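Colleague: I'm new to this one. Could you walk me through it?

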Amino acid sequence: EERLDDTLEAVEDGGVPVIRVGEHIETLATEEDHTDEAEHAEDEDGDHGGTDPHVWFDPTRVSTALPAIGDALVAAGADRDRIAGCVATTEEQLAELDAELESTLGAVPPERRVLVTNHDSLAYFADRYGFTVLGTILPSTSTLTEANPAQLEELAAAIEAEGVPAIFTETISSGDDAEALADRLEVEIVELY
């Protein structure tokens, strides 16, 4: 979460071990337009600009980071054997979750695997399970941006053309624009936690 960046930097500067899981996962690039010079500077410094941070929506990618997380915990003083057991158990749980998701999503025909979300958060999910993200209310992976009226009109036309029945929103950000668009198009809002 972007609101935690300063806090994480402060605790790390204070000597608390911090592991950036995204550095141990094959990440997806964002397609956001960066018009602010500060955003370009962040990209050049290797911060999260240009990389989709929502890696947890693909359990197989998260699983690839488990050895690095285990190593970081051991380096911070945890017992190696105990952590190895936790890593193995978590790998099994993530494999089971992935299989359960594939089974559940098997009921969704390929032509209906189209998503509209409040912000660009489900790219990893879409990539893993064969969905297409048609568009987003907020044109960013960040929840700190605002909706663009022209982009919303384009999205409305695409939703109608594709016959998309629902817009997925999250409890962590305002869904006012999504609700207004859903009401106008008479589509459902599905809130994700």
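**Cores and helix H7**

Modeller: Sure, let's begin with the largest nonpolar core, which has 13 residues, and those with the most contacts inside it are Ile137, Ile159, Ile167 and Leu181. A nonpolar core is a set of buried Ala, Val, Leu, Ile, Met, Phe, Trp, Tyr and Cys residues joined through side-chain atoms within 4.5 Å. Buried means under 20% relative accessible area, exposed over 50%, and partly exposed in between (1.4 Å probe, protein chains only). This is a predicted model: local features need pLDDT of at least 70, side-chain atom pairs count only at pLDDT 80 or more, and totals for chains, interfaces and linings use all residues. Residues are numbered from 1 along each chain as its sequence is written, and side-chain values use heavy atoms, with hydrogens and water left out.

Colleague: Which helices each supply at least two residues of this core?

Modeller: Helices (H or I, at least four residues) and strands (E, at least two) are DSSP runs, numbered from the N terminus. Those supplying at least two core residues each are H6 (149-162) and H7 (176-185).

Colleague: Within what arc do the buried residues of H7 fall?

Modeller: In H7, Ala178, Leu181, Ala182 and Leu185 are buried. They line one face of the helix, because seen down its axis (taking directions from the axis to the C-beta atoms) they fall within an arc of 100°.

Colleague: Which exposed residues does the face of H7 turned away from its buried side carry?

Modeller: The buried residues of H7 pack against S1, S2, H6, S3 and S4 (contact means heavy atoms within 4.5 Å). The face turned away from that buried side carries Asp176 and Asp183.
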